[in-house]
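Q: I would like a close look at a single part of this model, and at how that part fits in with its surroundings. Could you walk me through it in plain words?

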Amino acid sequence: MMTTNSIDVPLQAYLVLAAILFCTGVWGLINSRNAVRVLMSIELMLNAVNINLMAFSSYIDGQLIRGQVFAIFVITVAAAEAAVGLAILLSLYRNRETVDMERFNLLRW
Amino acid sequence: MTIASTTQGICFLILSAAVVFGSLGVVLLPNIVYSAFLLGGVFLSVAGLYLMLNASFVAAAQVLVYVGAVNVLILFAIMLVNKKEAMADIPGLALRRLLSGGVCLGLFLLLLRVDLTTPWAVPGPSPIGDDATVRIGIHLFTDYLLPFELASVLLLMSMIGAIVLARRDVFSVDIVTGDDADQALIEKSRTPLLIETPPAEPTALETRR
């Protein structure tokens, strides 16, 4: 089935949406005190990258959809990252009894 | 302007509003359980955007992996570590938030300028629509075969690593009775191994190896 991209939603709209999502994720990554929220911010940033890849795949690379394949790999790596990150968080919580990022200063001088 | 294109525009506006406000809620809400549920909403909205971009397989993978696995994993982590703790005030927090907000705004303006001024090569070739799933399968088993196998190895490694990291393998012995201390749940109070200030009186548990 041949489909066409609509003119109403230009490529730039998706890119600007992904930029907003990425910057929100960066702000949350820097400013969160709770370690779980830091992991959620990382997921937001990965989703922003995925939106970019999918938009380019649909608008520019419509026949060889390499962006979609890349998005699948990004989803795979994000799932692995979430599992390992939350395991590290549980181990850290068990040892420090806190999830406050300001008190995770084991490697500070 | 046809009805289909109007519908598409309205759908894009609704989904993008859900993504933007949902992500702001994830970052800004004080209750982290609400943040986790809003994160699920953001993932679902992004899956809707994928459907608008003629990518039904990736939308299904997004729903299955992100909403079904990652979000549930985050909710479980919140359930395990959700101790009410008053986070101590640190000096200069407001200034730090303001500065990082400025940096993020600058990054956003930079990205906005790149997005809007680059002459993108649109319209490209027409998208293949529903044949995307077949094309992804062909890609995964021909020219992306090595990354596909490496992804499976990565998933196995992260699974084993998560189990090794999250299991409790520090055995404690009770000084008074000499028995092994029970492998307590995370919520039960026990002696933290890396406390910042050593306690004044000796505790009843001593760690063995």
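**A helix and its neighbours**

A: Let us begin with one residue and work outwards. Not counting neighbours within four places in sequence, Leu49(B) is in contact with Tyr14(A), Leu17(A), Ile51(A), Phe12(B), Leu15(B) and Val19(B). Keep in mind that this is a predicted model.

Phe12(B), Leu15(B) and Val19(B) bring us to the part for our close look, helix α1 of chain B, where they are among the buried residues. This helix covers residues 3-28 of chain B. Its 26 residues should span 38 Å at 1.5 Å a residue, and the end C-alpha atoms are 37 Å apart, which agrees.

Which residues of α1(B) are buried? They are Ser5(B), Gly9(B), Phe12(B), Leu15(B), Ser16(B), Val19(B), Val20(B), Gly22(B), Ser23(B), Gly25(B), Val26(B) and Val27(B). A general point helps when you read such a list: an α-helix has 3.6 residues a turn, so residues three or four places apart point the same way.

What covers these buried residues? The cover includes α1 (11-31) and α2 (35-59) of chain A, along with α2 (32-52) of chain B.

Let us take one of these partners, α2(A). Two packed helices are described by the angle between their axes and the distance between the axes. For α2(A) and α1(B), the axes come within 9 Å and cross at roughly 155 degrees. Angles over 145 degrees count as roughly antiparallel, and α2(A) and α1(B) are therefore roughly antiparallel to each other. Their crossing is left-handed. Where they meet, α2(A) brings Arg37(A), Met40(A) and Leu44(A), while α1(B) brings Ser23(B), Val26(B), Val27(B) and Leu28(B). Of these, Ser23(B), Val26(B) and Val27(B) are also on the list of buried residues.

Now we can step back to the wider setting. The largest nonpolar core has 65 residues, and those that touch the most other members are Tyr14(A), Leu49(B), Val58(B) and Ile74(B). At least two residues of this core come from each of α1, α2 and α3 (66-96) of chain A, and from each of α1, α2, α3 (56-81) and α5 (132-141) of chain B. Our starting residue, Leu49(B), touches Tyr14(A), and both are named among the residues with the most partners in the core.

The helix α2(B), part of the cover over α1(B), also holds Val33(B). Val33(B) is partly exposed, with a relative accessible area of 26%. Beyond four places in sequence, Val33(B) is in contact with Ile78(B) and Asn82(B). Its C-alpha is 8.8 Å from that of Met79(B), although the two residues are 46 apart in sequence.

Another contributor to the core, α5(B), contains Leu140(B). Leu140(B) is buried, at 10% relative accessible area. Leaving out residues up to four places away, Leu140(B) touches Val69(A), Phe73(A), Leu145(B) and Phe148(B).

Finally, here is chain B as a whole. Six helices and two strands make up its secondary structure, in the order α-α-α-α-α-α-β-β from the N terminus. Of its 209 residues, 30% are buried. Among contacts in chain B with a separation of 6 or more, 52% link residues 24 or more positions apart.

Note on methods. Residues numbered from 1 in each chain as written. Chains lettered and ligands numbered in written order. Predicted model: local features only at pLDDT ≥ 70, side-chain atom pairs only at ≥ 80, totals over all residues. Heavy atoms only, no water. Helix = DSSP H or I, 4+ residues; strand = E, 2+ residues; numbered from the N terminus. Expected span 1.5 Å × (residues − 1). Buried < 20%, exposed > 50% of the residue type's maximum accessible area, 1.4 Å probe, protein only. Contact = heavy atoms within 4.5 Å. Core = buried A, V, L, I, M, F, W, Y, C linked by side-chain atoms within 4.5 Å. Axes fitted to C-alpha atoms, helices over the stretch in contact; angles between N-to-C directions. Parallel < 35°, antiparallel > 145°, perpendicular 65-115°, else oblique. Left-handed = near helix turned anticlockwise from the far one by under 90°.
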